[in-house]
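Good morning, and thank you for joining this session. I should like to walk through one model with you, beginning with a single residue and moving outward to the chain.

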Amino acid sequence: MSPSFAQIAPRYDALRPLSPADRARLAEMLREARLVAGDVVVEVGCGTGRLTLPLAALTPARVVGVDAEPRMLEVARAKDAAGRVEWLRGSAYRLPLPDQAAALVVLVMVLHLLRQRGRAFAEARRVLRAGGQLSAWTFTPRHVADFYLNEYFPSIAVIDRPRFPPVETLMAELKRAGFDEVRVEVREEVRRMNVAEVVDRVRGRYISTLSMLPPLEYRLGLQRLEELLARDRSAMLTQRSEWAIITASTIAVFSA
């Protein structure tokens, strides 16, 4: 079963809150991009705007959020009382922007959802101006292998292994798409979570992979977590995440 973002949209922000580490990465990305008024930033797969709105608050640039799911965009627009962001329906394969319109294209936890990454990278390259930058955040194969829910749902690793390729694969795909310089930084984060929080998130299928599990495996894994919660409401689980922070840029053209 494929993930249904329309179904999860009303609770997405509660299930996937922006962490302090997310905010730090966001601020660092914007410092490096050195955006000014008049620049355009495009977040591809913006969802409910959980990252887009904080991004818009930190930059003088015009911010565009693009997503294929209308319900996610409805939630995003409802939160954007000031109308700071332009919310557009579109896909990573066909962005609703002209050539060379953007200074920065952002893809956060989107690459694993793409069946044609090379095509999406080429489309990002199309809308980036000379000297523009793509920033993509994703997980490494090690993250998949060590994911904290694998004990309860063994098929997660099987499903996600091909969706989160080695960074060398992503770098090669970006080069083929026309990017001139590609850099990757791998970062590890550790977070402790109360089992009640974990149960709530799993019930809400907070990651797309949970919607792709065999139904019986999902039910049994959730049952084990609920039994742990019933035994000890103070129990904690440790999530170790390994991020690949990818920056791909194009060569700036200077006039004589």
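**From a buried glycine to the whole chain**

Let us begin with Gly49, which touches Pro54, Ala76, Lys79 and Trp87 once residues up to four places away in sequence are set aside. Please bear in mind throughout that this is a predicted model. Gly49 belongs to the loop between β1 and α4, the latter covering residues 52-58. Is Gly49 buried or exposed? Its relative accessible area is 1%, under the 20% limit, and Gly49 is therefore buried. From Gly49 to Gln223 the sequence advances by 174 residues, and the C-alpha atoms of the two are separated by 32 Å.

I turn next to two residues with a shared backbone feature. Arg34 is not a glycine, yet it has a positive phi of about 50°. Met109, again not a glycine, also has a positive phi of about 50°. Where do they sit? Arg34 is found in the loop that runs between α3 (20-33) and β1 (40-44), while Met109 is placed in the loop between β4 (102-108) and α6 (117-127). Their surroundings may be set side by side: Arg34 has a relative accessibility of 70% and counts as exposed, whereas Met109, with a relative accessible area of 15%, is buried.

Now to a strand. Gln133 is located in β5, which spans residues 128-139. With a relative accessible area of 10%, Gln133 is buried. Which residues does Gln133 contact, leaving aside its neighbours within four places in sequence? They are Met29, Glu32 and Ala33, then Ala103, Leu104 and Val105, then Leu128, and finally Thr247, Ala248 and Ser249. Of these partners, Met29, Glu32 and Ala33 fall within the residue range of α3, the helix that precedes the loop of Arg34.

The next topic is a pair of helices. At what angle do α10 (residues 195-203) and α11 (residues 215-231) pack? The angle is about 155°, and the axes are 9 Å apart. As that angle is over 145 degrees, the two helices are roughly antiparallel to each other. The crossing of α10 past α11 is left-handed. On the α10 side, the residues that meet α11 are Val195, Ala196, Val198, Val199, Val202 and Arg203. On the α11 side, they are Tyr218, Leu222, Leu225, Glu226, Leu228 and Leu229. By class, the residues of this contact comprise 10 nonpolar, no polar and 2 charged.

Between these two helices runs a loop, and Ile207 lies in it. Ile207 is buried, its relative accessible area being 14%. Beyond its neighbours within four places in sequence, Ile207 is in contact with Arg16 and Phe147. Ala235 is 28 residues from Ile207 in sequence, and the C-alpha atoms of the two are 22 Å apart in space.

Finally, the chain as a whole. The secondary structure comprises 11 helices and 7 strands. The C-alpha trace spans about 70 × 40 × 30 Å along its principal axes. How does the radius of gyration agree with that of a compact globule? For 256 residues such a globule would have a radius near 18 Å, and the chain has 19 Å, which agrees. Of the 256 residues, 52% count as buried. Among contacts with a separation of 6 or more, residues 24 or more positions apart account for 78%.

How values were computed:
Residues numbered from 1 in each chain as written. Predicted model: local features only at pLDDT ≥ 70, side-chain atom pairs only at ≥ 80, totals over all residues. Heavy atoms only, no water. Axes fitted to C-alpha atoms, helices over the stretch in contact; angles between N-to-C directions. Helix = DSSP H or I, 4+ residues; strand = E, 2+ residues; numbered from the N terminus. Parallel < 35°, antiparallel > 145°, perpendicular 65-115°, else oblique. Left-handed = near helix turned anticlockwise from the far one by under 90°. Contact = heavy atoms within 4.5 Å. Nonpolar A, V, L, I, M, F, W, Y, C, P; charged D, E, K, R; others polar. Rg over C-alpha atoms; globule rule 2.2 N^0.38 Å. Buried < 20%, exposed > 50% of the residue type's maximum accessible area, 1.4 Å probe, protein only.
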